[in-house]
Amino acid sequence: MTTGAMAPHRSRLTPERESFWRLVRAEWTKFRTVRGWVIAVLVTIVAITAFVFVASDVSSSCVASSGPSACPVQPTGPGGVPVLDAFYFAHQPVTGSGTITVQMTSLAGQVAVGQPSNGVPQLAPGLAPWSKAGIIIKQNTSQGSVYAAMMVTGSNGVRMQWDYVNDTPGLAGRVSASAPRWLRLVRDGATITGYDSADGTHWALVGAATLPGLTSTVQAGLFAAGSYYDSNSCTYDVSFCTRATGVFRHIGLSWPATGWTGTNVGGPNFGVPAPGTLRQSAGTLTAASFGDIGPAAGNAYGGNGQSLQRALDGTFFGMIPLLVVAAMFMTAEYRRRLIWVSLAAAPRRGRLLAAKAVAIGAVGFVAGLVAASLAIAVGLPLLTRSGPLAWPVSLLTEARMVAGTGALLAVAAVLALAIGTIVRRSAPAVAIVIVVIVVPYLFAFGPLSGSQPQGSGPGGGGGWPLQITPAAALSVQQAVPQFHQLIAVYPLVNGYYPLAPWAGLAVECAWAAAALALAYYLLRRRDA
Amino acid sequence: MSLTARVAAPRYLPGQALHAEWTKFRTVAGPAWLLAGVVTLTVAVGVAAASAAHCRSATCGIDPASVSFTGIYPGQAVAAVAGVLAIGNEYSTGMIKLSLTAMPRRLTWFGAKAAVLTAPVLTASALAVAGAALAGRLILPGHGFTPAHGYASLTSATDLRAAVGAVLYLTLIALLSLGLAAAVRDSAAAIGLVLGVLYLFPLAADVISNPPLTRHLDQIGPLPAGLDAQATTGLKALPLTPWQGLGVVALWTAGALLLGALVLKSRDA
């Protein structure tokens, strides 16, 4: 230190970069030494966590009316996912590896339009987009057992689907007598491979599925399912109001044939207007059935499980103190004339703004991370008191929810800082921040929700307030998945958002970036 | 002759306080801009909402007044800023010391402050609500809000009551903000607190699925209670009658003003 022999310390960073981190450090010191600000951020964490107790107070109608035992139970498939599994299955037991092949020449559809007379509902023609018929290899005939299937659909071409949530496209176009579709499933151990063909000689691979725990003897055969259709579109008062009728020819099994057994999976009256039927005539089989095989998401889910996202419902209210602090992080400089000192110490104004953004963004990120971790830790046991969640949440999804909440708060804090820089005065800045972030969320539920067409197909509820405003970032907390192969209503109250998780966060980032750019421009151009 | 005898005892008349506060209010540009903001935002969002709303059947169940008055959601935030800054600016500029030296009777000063805020906010709210209602009256009949769908007229006594309710609601929110600003004495914290109180109840009511609790939240929260005062359809299903709703908002405002007065009276400025 005092001797000339010692080499002076040189930072490995360039002088500019080193001075930037010094600035960040200075801004961090400004933040942590104001007691009220630290308390406000702690209040944010506590508010988000404490809100769990309000949000998890769920008294569903079936509990209130006739006791918990009356609540409907959604069947579950592999991995505990809730599933729709009600269809007509013409099957025979087969053992070991082998192949099933079929030619399909027709898929017709009907919609139930009236109440059943003598158990037969009145039908009108109408093919739903995901009405399906084809061949299937399934563990057994109980609901939720593993399967893989090749099928023709109403307007989505040939598909291979397996284990309820997986869907891969094959040949496009609608099936007809002049454009038949050949389908083939090949079983080899636990792997089932699907092929399709337009002529029965040239085959194309569609997909390969590995079914965990598939036993040696399984059921193979033909199926038809009308598909779930948002009951708002049905005049008939059940969810499965569409029926599919498939015509099968040239059925070939490599296993020894034992004759078809017809089974209504899920029972003959599992929420369907009428049981399925099978007709055989001169090399042709015709199967017709209501029902569906697929995930039970959106309003197709009939159980009373909750979305884990409920545990984070306090985020939008709880972030208000953080937003106040983030706006004041800049406006207090103006009010106390500290901005003169700050700019004298860091004459390059953009760097000062960047340092402040880094400091307050880090505070917001950590606050969000801690709050979301606590809220999920407290909320998970509360939400699963009366049964499993509406959809099992993987560790990866949970990590995305926690990290996403951190990012959501970090970006919101930066947005508040930028608006504070633009407006330079606390009260208007805080009001603007809250109006652009919190009020759209209210709109999504409130006065504007009625005027938005709500979800046919994935997309979720809420409309434009949750698509183009910073409140879109909320979608990063979504814990329940949406499926393109399930046309249902995906309501906002059940935790479905109109944008994909990271897309929603990107919208908020765009707002913050635009506000920062304007703040930078004004900060450079104006006298302090 | 003693000094005290020659100087007349000062008389702190409410009228003088009012005059002084009114002079302060009208000679800075901020309040006028804020009030213009209340009108612009309320009308603009109302027009946008009315343009987006469609009633396609007799059972669409949309309250035309709630569509026209959608702009109250953001508009009240501006009214709240006006209320907060009326007191907050005194503290942030240090003016409060001078104000209280000139008018040592603090409650008189506070009352004058509130009165001077009330009149312009009431006027601006009336303009804002009248503009929003007019926009709704012009736009909504073309979007299916017709007699055939059960909307006989958009200018009945009920609609007038909803408009009056909306005007009084905005004014009460500005006064609520004034009271809370006097209690916390910092503009940023006060506006955060006011908007937190306003938006907490509807946010909570939206996300929880416990009907009795939701109903209670809608009864005690100032924002949902104020919405009841602005409703024109489905009045029987409301958690509160319109005037009860306005009464709840008035209670919140009275409580905030009382709290502000107590803090002002008991603390050093």
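Two residues are taken to be in contact if their C-beta atoms, placed from the backbone, lie within 7 Å. By that yardstick, and leaving aside its neighbours within four places in sequence, A:A431 touches B:A77, B:V78, B:A80, B:V81, B:I191 and B:L195. The model is a predicted one, in which local features need pLDDT of at least 70 and side-chain atom pairs count only at pLDDT 80 or more, while totals for chains, interfaces and linings use all residues. Residues are numbered from 1 along each chain as its sequence is written, with chains lettered from A and ligands numbered from 1 in the order in which they are written.

Chain B first. Its secondary structure comes to 12 helices and zero strands, where helices (H or I, at least four residues) and strands (E, at least two) are DSSP runs numbered from the N terminus. The C-alpha trace of chain B spans about 85 × 40 × 30 Å along its principal axes. Of the 269 residues in chain B, 53% are buried, meaning that 20 or more other C-beta atoms, placed from the backbone, lie within 10 Å of the residue's own (12 or fewer makes it exposed, anything in between partly exposed). Among contacts in chain B with a separation of 6 or more, 79% come from residues 24 or more positions apart.

Now for the meeting of the two chains. The contact takes 36 residues from chain B and 34 residues from chain A. On the chain B side, α3 (29-52), α4 (64-68), α5 (72-93) and α9 (187-207) each supply at least two residues, and α9(B) gives the most, with 14 residues. That side of chain B splits into 25 nonpolar, 10 polar and one charged; here Ala, Val, Leu, Ile, Met, Phe, Trp, Tyr, Cys and Pro count as nonpolar, Asp, Glu, Lys and Arg as charged, and the others, Gly among them, as polar.

Chain A is divided into domain 1 (17-60 + 304-525) and domain 2 (78-295), with bounds from an automatic or database domain assignment. The contact between them takes 10 residues from domain 1 of chain A and 14 residues from domain 2 of chain A.

The largest nonpolar core (buried Ala, Val, Leu, Ile, Met, Phe, Trp, Tyr and Cys residues joined through C-beta atoms within 7 Å) has 261 residues. A:A431 turns up again here, listed with A:L323, A:A327 and A:A413 as having the most contacts inside this core. Helix α8 (residues 157-184) of chain B gives the most to the core, with 18 residues. At least three residues come from each of domain 1 and domain 2 of chain A.
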